[in-house]
Amino acid sequence: MKRRGILVTGTDTGIGKTHVAVRLVRALQFAGLKVAAMKPVASGAVRVGDAWLNDDALELQRAAALDIPYDWVNPSLFRMATSPHLAARVEGVAVDLDRLVDALDRLAALADCVVVEGVGGWRVPLNDHEDMADLARRFDLPVVLVVGLRLGCINHARLTSEAILDSGLVMGGWIANELFPRSQESQDMLYALEEIMGRPLLKMPFEPLQGGVVWTSNNHIDLVEILRLVAPSASI
Ligand SMILES: Nc1ncnc2c1ncn2[C@@H]1O[C@H](COP(=O)(O)OP(=O)(O)OP(=O)(O)O)[C@@H](O)[C@H]1O
Ligand SMILES: [Mg+2]
């Protein structure tokens with residue numbers, strides 16, 4: 001059966017993939033879908049009781065209403081907060097894509113759709129031979145590119161969207177994420193990106209850390225497109 005879901009990648013590390021993915025999970029649930037979230041590979045762990053866990057995976061696990069064990073959300077975790085293949089080497093292991101595909105299928109069987117957060121950027125190595133793009137091909141989900149609006153993002157967005165298209169996957173669209181309070185510069189970047197890449201699926205406003213999201217009417221209209229991507233047969 002065709003997997004239903006979305007792979008959230010980004011123009012870089014630290015540009016808002018988790019921020020956006022968590023809000024997509026909540027919004028899709030609000031639209032009535034049973035949503036699972038996944039961070040297949042994570043590097044950087046915090047100690048919680050006896051366990052080592054990753055912040056992104058915890059946030060995603062909490063956002064999803066489905067009660068899913070941590071190991072299912074994040075099957076591959078490394079302690080060191082560095083590129084996963086380097087962190088894996090330190091631990092004397094290697095990321096195994098087959099295991100990650102099995103984990104995705106397990107989640108997909110439980111949910112209407114799975115929101116997957118990628119690691120770092122599109123070509124981050126996962127082991128000595130494979131990178132994030134290879135994992136995306138194995139997952140075979142529509143890809144959504146989060147563009148963090150900051151200097152350099154136009155170049156990163158163009159390179160990444162070209163690479164996604166080259167991979168043969170469905171490029172579902174891009175999301176403009178305002179990493180900082182709105183400024184003339186950030187608006188100019190957004191207009192330039194729109195000219196090059198077309199209209200974004202969503203414009204995610206800058207949200208200072210207070211949790212909770214207000215979906216504006218514009219965002220709601222755009223969510224229809226995201227729903228078509230993640231679960232084409234779902235009704236809203
Ligand atoms: N729209 C936004 N408004 C306010 N803060 C944001 C926004 N998007 C991201 N941030 C903040 O920017 C930081 C990086 O975001 P986030 O952790 O989502 O990036 P990421 O791409 O998932 O990073 P990583 O590559 O480590 O997974 C976080 O502190 C997050 O709260
Ligand atoms: Mg993240």
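This passage walks through a sheet, some helix pairs and the surroundings of a ligand in a predicted model.

Let's start with the sheet. Six strands make up an open sheet, and reading across it gives the order E2-E7-E1-E8-E9-E10. The pairing is parallel. Strand E2 (35–38) and strand E10 (202–204) sit at the edges, so to speak, and each of them pairs on one side only. Neighbouring strands don't line up exactly: on average they are turned by 25° against each other, with direction ignored. At one edge, E2 pairs with strand E7 (residues 113–117) in the parallel sense, over four bridges. Within this pairing, Ala36 stands opposite Val114 in E7. Further along, helix H7 (residues 153–166) lies across two strands, E8 (143–148) and E9 (171–177). The angle at which H7 runs to E8 is about 170°.

Next come the helix pairs. Two packed helices are described by the angle between their axes and the distance between the axes. For H1 and helix H2 (residues 55–63), the angle is about 15° and the axes are 9 Å apart. Angles under 35 degrees count as roughly parallel, and H1 and H2 are therefore roughly parallel to each other. Their crossing is right-handed. On the H1 side, the contact is made by Thr18, Ala21, Val22, Val25 and Arg26, while H2 brings in Asp56, Glu59, Leu60 and Ala63. Sorted by class, that contact has five nonpolar, one polar and three charged residues.

Helix H5 (residues 97–110) and helix H6 (residues 132–139) pack too, this time at an angle of about 40° and with their axes 10 Å apart. That angle makes H5 oblique to H6. The crossing of H5 and H6 is right-handed. H5 makes the contact with Leu97, Leu100, Val101 and Leu104, and H6 meets them with Asp134, Leu135, Arg138 and Phe139. Here the split is six nonpolar, no polar and two charged residues.

Finally, there's the ligand. Around ligand 1 there are 16 residues, and Thr13, Gly16, Lys17, Thr18 and His19 come nearest. Helix H1 (residues 17–30) supplies the largest share of this shell, with three residues. By class, the shell divides into four nonpolar, eight polar and four charged residues. Thr18 turns up twice in this picture: this residue is one of those nearest to ligand 1, and it also belongs to the H1 side of the contact with H2.

How values were computed:
Residues numbered from 1 in each chain as written. Chains lettered and ligands numbered in written order. Predicted model: local features only at pLDDT ≥ 70, side-chain atom pairs only at ≥ 80, totals over all residues. Near = placed C-beta within 6 Å. Nonpolar A, V, L, I, M, F, W, Y, C, P; charged D, E, K, R; others polar. Axes fitted to C-alpha atoms, helices over the stretch in contact; angles between N-to-C directions. Parallel < 35°, antiparallel > 145°, perpendicular 65-115°, else oblique. Left-handed = near helix turned anticlockwise from the far one by under 90°. Contact = placed C-beta atoms within 7 Å. Pairing = 2+ DSSP bridges.
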